[in-house]
Amino acid sequence: DDKAVVSRSVASTNAAILQFLVAKSSKRWDQYCLFGPEANVPGKQGTRMNVADGDPTGVGAEPKQTTVFFSYSRDDQARAVPIIRLIEDAGFATWWDGLLEGGERFSRATEDALDRAKAVIVLWSKTSVQSHWVRDEATRGRDRRVIVPLSLDGSEPPLGFGQFQVIDLWRARINGDDAQIQRLLRAVSTL
C-alpha cells in the first residue's frame, strides 16, 4: 500500500533527523558563520548556493535542489542564521537572501527559489510582520500549502496567516534538544 510506504518513509526520515540532532547537540550553533561552519576555519571556505544552477559549492558539484526557503526581515538576520544552519545540518538544502551574489537580480532569483521550494519557513517578528517582502513570500508559501510559520519574538502572524499553527521559537534554544526545534524539523520533513 502506497500510504504505508510513505508513512514508513516519513517516520524513518524523522528518526534520522532526530538521531542526527542528538549527536550534534553538544555543538555550539553560534559558532556557525554566515556561509557555513568551515568559513571560520583559516584556509577553508563556507558553502554557498549558486541560485542559477543549484550548485551548492559554485564549483560544479552535484546540484542540490532547494527544498527550504527562508523568509525573514533583515533586522532579524542574526537570529535567522542559526536556524538556517540547523536546517542545513539536518540535511535540507536552503535558500535565503544571504546567498544572493553581487549584481544578481534579487527579485528574479528570489522568485525562482520560492517557486522551487518544498517548504517556506516564515520567521515572524515585530519587524517582519511590517515587511511587504515577507508578506509576499509568506503568501506564496500559504497559497502553495508549504508554509511553516515561526515566531522569533512572540509576535502573532499578520492578518491572513493566523489559520496556521505557529512554532514559537521565542524562548527556544536553537539546538536539536529543544522541543520547538524538533517540531520545526518534523514540519519541514513532512512537506
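Me: Which strands does H4 lie across, and at about what angle does H4 run to S3?

Reply: In this predicted model, H4 lies across S1, S3 and S4. The direction of H4 is at about 140° to that of S3.

Me: What is the overall pattern of the protein along the sequence?

Reply: The pattern is α-β-α-β-α-β-α-β-β-α, and the secondary structure comes to five helices and five strands. Of the 191 residues, 46% are buried.

Me: What makes S3 and S4 a pair, and in which sense do they run?

Reply: A pair needs at least two bridges. S3 and S4 are joined by five bridges and run parallel, so the criterion of at least two is met. One of the partnerships sets Val 122 opposite Pro 149 of S4. Between S3 and S4 the chain passes through helix H4 (residues 132-143), in a β-α-β crossover that is right-handed.

Me: How do you know that S4 and S5 pair?

Reply: Two bridges are found between S4 and S5, in the parallel sense. As the criterion is at least two, S4 and S5 count as paired. Ser 151 has Asp 168 of S5 as its bridge partner.

Me: What is the order of the strands in the open sheet?

Reply: The five strands have the order S2-S1-S3-S4-S5, with parallel pairing. S2 and S5 are called edge strands, each pairing on one side only. Within this sheet, S1 and S3 run parallel and are joined by four bridges, and Phe 70 stands opposite Ile 121 of S3.

Me: Why is S4 described as largely enclosed by the rest of the structure?

Reply: Five of the five residues of S4 are buried, so the strand is largely enclosed by the rest of the structure. The burial applies to both faces: Ile 147, Pro 149 and Ser 151 are on one side, with Val 148 and Leu 150 on the other.

Me: How many aromatic pairs does the structure hold, and why is the pair of Phe 69 and Trp 95 called stacked or tilted?

Reply: There are three aromatic pairs. For Phe 69 and Trp 95, the ring centres are 5.1 Å apart and the planes are at 15°. The limits are 6.5 Å between centres and, for stacking, under 30 degrees between planes; the pair is therefore stacked. Phe 69 belongs to strand S1 (residues 68-71) and Trp 95 to strand S2 (residues 94-95), so the pair ties together parts that are 26 residues apart in sequence. Both Phe 69 and Trp 95 are buried.

Me: What makes the pair of Trp 124 and Phe 161 tilted?

Reply: The distance is 5.4 Å centre to centre, with 50° between the planes. That angle is neither under 30 degrees nor over 60, so the pair counts as tilted. Distant parts of the chain are linked here: Trp 124 is in strand S3 (residues 119-124) and Phe 161 is in the loop between strand S4 (147-151) and strand S5 (167-168), 37 residues apart.

Me: Why are Trp 124 and Phe 161 called buried or exposed?

Reply: Buried means under 20% relative accessible area. Trp 124 has 0%, and therefore is buried. Phe 161 has a relative accessibility of 4%, so Phe 161 also counts as buried.

Me: Which residue lies over the face of Phe 161, and which over the face of Trp 170?

Reply: Arg 142 lies over the face of Phe 161, at 5.0 Å from the ring centre. Arg 171 lies over the face of Trp 170, at 4.0 Å from the ring centre. The distance limit is 6 Å, and both values are within that limit.

How values were computed: Residues numbered from 1 in each chain as written. Predicted model: local features only at pLDDT ≥ 70, side-chain atom pairs only at ≥ 80, totals over all residues. Heavy atoms only, no water. Phe/Tyr/Trp six-rings, centres within 6.5 Å; stacked < 30°, edge-to-face > 60°. Buried < 20%, exposed > 50% of the residue type's maximum accessible area, 1.4 Å probe, protein only. Lys NZ or Arg CZ within 6 Å of the ring centre and 35° of its normal. Right-handed = clockwise from strand over helix to strand, strands pointing away. Contact = heavy atoms within 4.5 Å. Axes fitted to C-alpha atoms, helices over the stretch in contact; angles between N-to-C directions.
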